[in-house]
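Biologist: I would like to know how the labels on a model are earned. Please put the structure up, and I will ask about them.

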Amino acid sequence: MTTSRMAYRLEPLDPANPYLMEIAASLHADAFIHVPDSVWTRDAFTKLMLGGGTIGWLALQDNDPLGILLVRTVLDEAEILTIGVARSAQKKGVASYLMHEGLKVLRSLGIQQVFLEVRRSNLAAQALYRSIHFEEISTRPNYYQNSDGSSEDALIFRLNYC
Ligand SMILES: CC(C)(COP(=O)(O)OP(=O)(O)OC[C@H]1O[C@@H](n2cnc3c(N)ncnc32)[C@H](O)[C@@H]1OP(=O)(O)O)[C@@H](O)C(=O)NCCC(=O)NCCS
């Protein structure tokens, strides 16, 4: 890691702000460029955030948006919907920063457990989640259906606060 976490700041995402929704979509498209089936448009982000219980943040350095985290909460559980970091900013602690700060907010909201799904091939994301104490709890075979007809397992991870 070459950049201190202290260099980043959090900006809450607001679905009423089209500028922020556009930044969210372009960061996401950049981060997921190698998985085109996972890319979400600005409208998709806006719709998700208007759906209720969804909160999210950008990580910025100075005024540059570097990463995005989107979470859905239901009662005392939360699901990480997506996390992505611009390719030019990866491996500099941005995702760690987003997860630590986001999880702090979730804890303050009374969330007890956090779940997420990750592709079996996504070893970088799995290493990130394990580094912040998520544990792998199950598998959904062939959960991700790709447009080329192939499929991939999802691994389910969970973090318990209690
Ligand atoms: C996964 C992703 C969010 C990590 O973001 P990042 O800002 O580069 O991650 P960080 O620098 O905060 O790294 C935190 C930890 O994650 C792990 N990690 C991150 N990138 C990694 C890589 N390429 N290979 C292996 N481990 C990696 C390491 O454990 C790292 O800790 P360390 O720096 O002490 O070794 C980023 O690679 C990304 O946006 N990928 C594409 C989108 C994606 O796959 N999102 C997750 C979908 S489930």
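What follows is a set of questions about labels, with the reasoning behind each.

Modeller: Before we start, note that this is a predicted model.

Biologist: What is the order of the strands in the sheet?

Modeller: The order is β1-β2-β3-β4-β5-β7-β6, in an open sheet of seven strands with mixed pairing.

Biologist: Why are β1 and β6 said to stand at the edges?

Modeller: β1 (8-12) and β6 (135-145) each have a single partner strand, so one side of each has no neighbour in the sheet. On average, neighbouring strands in this sheet are turned by 25° against each other, with direction ignored.

Biologist: How do you know that β1 and β2 pair?

Modeller: Two strands pair if there are at least two bridges between them. β1 and β2 have five bridges, in the antiparallel sense, and therefore they count as paired under that cut-off. One example is Leu10, whose bridge partner in β2 is Ala59.

Biologist: How many bridges join β2 to β3?

Modeller: Eight bridges join them, and the two strands run antiparallel. Leu58 has Ile68 in β3 as its bridge partner.

Biologist: In which sense do β4 and β5 pair, parallel or antiparallel?

Modeller: β4 and β5 pair in the parallel sense, over three bridges. Glu77 has its bridge partner in β5, and that partner is Gln113.

Biologist: What lies between the two strands of the hairpin formed by β2 and β3?

Modeller: There are two residues between them, and Asp62 is in the turn. Put by residue number, Asp62 belongs to the loop between β2 (54-61) and β3 (64-74).

Biologist: What makes the phi of Asp62 worth a remark?

Modeller: Most residues other than glycine have a negative phi. Asp62 has a positive value, near 55°, and is not glycine. Leu75 is another case, with a positive phi of about 50° although it is not a glycine. Leu75 sits in the loop between β3 and β4 (77-85).

Biologist: Why is Asp62 called exposed?

Modeller: A residue is exposed if 12 or fewer other C-beta atoms lie within 10 Å of its own. Asp62 has 8 such neighbours, so it counts as exposed. Leu75 has 9 C-beta neighbours inside 10 Å, so Leu75 counts as exposed too.

Biologist: Why is Glu101 placed in a class other than buried or exposed?

Modeller: The buried class needs 20 or more other C-beta atoms, and the exposed class 12 or fewer. Glu101 has 17 within 10 Å, which lies in between, so Glu101 is partly exposed. Arg119 has 16 C-beta neighbours inside 10 Å and therefore also counts as partly exposed.

Biologist: Where are Glu101 and Arg119 found?

Modeller: Glu101 is in helix α3, and Arg119 is in strand β5 (residues 113-119). The C-alpha atoms of Glu101 and Trp57 are 9.4 Å apart, with their positions 44 residues apart along the chain. Helix α3 (residues 94-108) itself lies across β1, β2, β3, β4 and β5, at about 35° to β3.

Biologist: Which residues does Arg119 contact, leaving aside its neighbours within four places in sequence?

Modeller: Arg119 is in contact with Tyr144, Glu152 and Ala154.

Biologist: How do helices α1 and α2 cross?

Modeller: The axes of α1 (residues 18-31) and α2 (residues 42-50) come within 8 Å and cross at roughly 115°. The crossing is right-handed. Met21, Glu22, Ala24 and Ala25 in α1 meet Arg42, Phe45 and Thr46 in α2. By class, this contact has four nonpolar, one polar and two charged residues.

Biologist: Which residues come nearest to the ligand?

Modeller: Of the 21 residues around the ligand, Gln90, Ala95, Ser96, Ala124 and Leu128 come nearest. The elements giving two or more residues to this shell are β4, α3 and α4 (123-131). α4 gives the most, with six residues. By class, the shell divides into 13 nonpolar, six polar and two charged residues.

Note on methods
Residues numbered from 1 in each chain as written. Predicted model: local features only at pLDDT ≥ 70, side-chain atom pairs only at ≥ 80, totals over all residues. Axes fitted to C-alpha atoms, helices over the stretch in contact; angles between N-to-C directions. Helix = DSSP H or I, 4+ residues; strand = E, 2+ residues; numbered from the N terminus. Left-handed = near helix turned anticlockwise from the far one by under 90°. Contact = placed C-beta atoms within 7 Å. Nonpolar A, V, L, I, M, F, W, Y, C, P; charged D, E, K, R; others polar. Near = placed C-beta within 6 Å.
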